[in-house]
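These are my notebook entries from one session with a structure. I record what I looked up and what I found.

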Amino acid sequence: MSTSLIADLTTADLVAAATARLPQMLTDLERVISIETPSHDKEAVARGADDFAALLHERLGAQADLITVDGTTHVRLRFGDGPARVVLVNHQDTVWPHGTLERIPFSTADGVIRGPGSFDMLTGAIMSVHATAMLRERLGEDALTGLSILVTGDEEIGSVTSSDLIRAEAAEANAVYVLEASAGGALKLERKGTSMYTLVFRGRASHAGLEPEKGINAGMALALHLPLIADLADAEAGTSVVPTVISAGTTTNTVPAEARVDIDVRARTAAELERVDAAVRELATRPQLEGSSIEVLGGINRPPFERERSAELFARAQALAADLGIAAPTGVAVGGASDGNFTAGDGIATLDGLGAVGDGAHADHEHAVIDEIAPRTALLAALIADQLRA
């Protein structure tokens, strides 16, 4: 056991305390899941942020800040005046459109929670609140000095407005804990970095029946580039380059003057992200259809989360799980990115996947396993205490 705050806790008591809080956690989950917050609807995200700030005040007796960046609202609750030593990273936006609750309402049946965002990642966000509440009850609010809770509003669309906030908040932290859902119960020790591009192909419109020869077909220009884009992948290096959303044209009898393709890039190393970035931009200088042009939008979004950034915190999680009398967590590498990529990319110790156990992120069968919530909340509380005075 370290000489940190965890020494002042009876670790076995944390599991019992978390179990006792489970009914309240489920009530709070119903509350946040029942406020739809699709990422692109900034007013909806703001409503969710307002309510989450109110929830933090009710459970922790502290006033959170609402921070709006380019119209997107984020929540930050700091304890104490100095720099953050431990940062809990959450998001309350979801991929689900308005009306999803009518199809998939919040429910608890067969041992699982269902509802939009139940797995990704509102269960983790509620765990952040209650792990902190447990420490406040046992150690007092002063012992939480140096803790910061973030609940952002645009993670599902690339964290464009929240990334600087996350990085600044964690700049001097000992540890960042990301409450994204687990990978089948395993913590996430490594994540690929991401890039997001849109290539815009421009040609010239003409009547498709009367004078097609006078047009320059932007759709054809796009099609000629698809194999070149796909060839930028390197399976051996773990780099994927995938054309995803494709669009062209305006009417059925018009040669398309514009076409677009979105490209999703994932890579294990910064060097690979940079290689692909340079290659995408170079492709744009070589239109394959005479008379067409190409514009590149986007770029590198999240740096890779390399395993060395999680190693020490993962070892502490395994040791603390033994103290708590719960199963030691396992760890895996995953392809998807999270806000942990930003902090790990900045060289800050980061542990991810501490949230829900379940399945179905972004799918109709999304769910979180109820029996896993209390022990994982206890582990989170122990991890927070472990690093606040490390």
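The entries below take the salt bridges, a helix, a small sheet and a single alanine in turn.

**Entry 1. Status of the model**

I note at the outset that this is a predicted model.

**Entry 2. Salt bridges**

I began with the total and obtained 25 salt bridges. I then looked up individual pairs.

I found arginine 59 and aspartate 28 joined through their side chains, with 2.9 Å from N to O. Arginine 59 belongs to helix 2 (residues 42-60) and aspartate 28 to helix 1 (residues 11-33), so this bridge ties together parts that are 31 residues apart in sequence. I checked the accessibility of both partners. Aspartate 28 counts as buried because its relative accessibility is 1%. Arginine 59 has 21% and therefore counts as partly exposed, given that buried means under 20%.

I next took aspartate 352 and arginine 191, whose side chains form a salt bridge at 2.6 Å, N to O. Aspartate 352 sits in the loop between strand 14 (350-351) and strand 15 (358-359), while arginine 191 is in strand 8 (residues 187-191), so the pair ties together parts 161 residues apart in sequence. I recorded aspartate 352 as buried, at 0% relative accessibility. Arginine 191 is also buried, with a relative accessible area of 5%.

The third pair I looked up was arginine 302 with aspartate 339, where the closest N and O atoms are 3.2 Å apart. This bridge links distant parts of the chain, 37 residues apart: arginine 302 is in strand 12 (residues 293-302), and aspartate 339 is in the loop between strand 13 (331-334) and helix 9 (340-345). I list arginine 302 as buried at 5% relative accessibility. Aspartate 339 is buried with a relative accessible area of 2%.

I also noted a network of salt bridges that links Asp13, Arg21, Glu137 and Arg138.

**Entry 3. Helix 7**

I measured out nothing by hand here and took the computed values. Helix 7 (residues 270-283) has 14 residues and spans 20 Å from its first C-alpha to its last, close to the 20 Å expected at 1.5 Å a residue.

Which residues of helix 7 are buried? I listed Glu272, Leu273, Val276, Asp277, Ala279, Val280 and Leu283. I then looked up the packing partners of the buried residues of helix 7, and these are strand 9 (193-202), helix 6 (218-230), strand 10, strand 11 and strand 12.

**Entry 4. A four-stranded sheet**

In what order do the 4 strands of the open sheet run? I read the order as 4-5-16-15, with antiparallel pairing. Strand 4 (107-109) and strand 15 are the edge strands, and each pairs on one side only. I looked more closely at strand 4 and strand 5 (residues 112-114), which pair in the antiparallel sense over 3 bridges. Serine 107 has arginine 114, in strand 5, as its bridge partner.

I also found helix 4 (residues 118-139) lying across strand 5, strand 15 and strand 16 (367-369), at about 45° to strand 16.

**Entry 5. Alanine 257**

I located alanine 257 in the loop between strand 10 (240-248) and strand 11 (258-267). Alanine 257 counts as partly exposed because its relative accessibility is 31%. Leaving out residues up to four places away in sequence, I found that alanine 257 touches Phe201, Arg202, Gly203, Arg204, Ala205 and Ala218. I also looked up the separation of alanine 257 and tryptophan 96: their C-alpha atoms are 32 Å apart, and the two are 161 residues apart along the chain.

Key. Residues are numbered from 1 along each chain as its sequence is written. This is a predicted model: local features need pLDDT of at least 70, side-chain atom pairs count only at pLDDT 80 or more; totals for chains, interfaces and linings use all residues. Side-chain values use heavy atoms; hydrogens and water are left out. Helices (H or I, at least four residues) and strands (E, at least two) are DSSP runs, numbered from the N terminus. Buried means under 20% relative accessible area, exposed over 50%, partly exposed in between (1.4 Å probe, protein chains only). Contact means heavy atoms within 4.5 Å. A salt bridge is a side-chain nitrogen of Lys or Arg within 4 Å of a carboxyl oxygen of Asp or Glu. The expected span of a helix is 1.5 Å times one less than its number of residues. Two strands pair if DSSP finds at least two bridges between them. Axes are lines fitted to C-alpha atoms, for helices over the stretch in contact, and angles run from 0 to 180 degrees between N-to-C directions.
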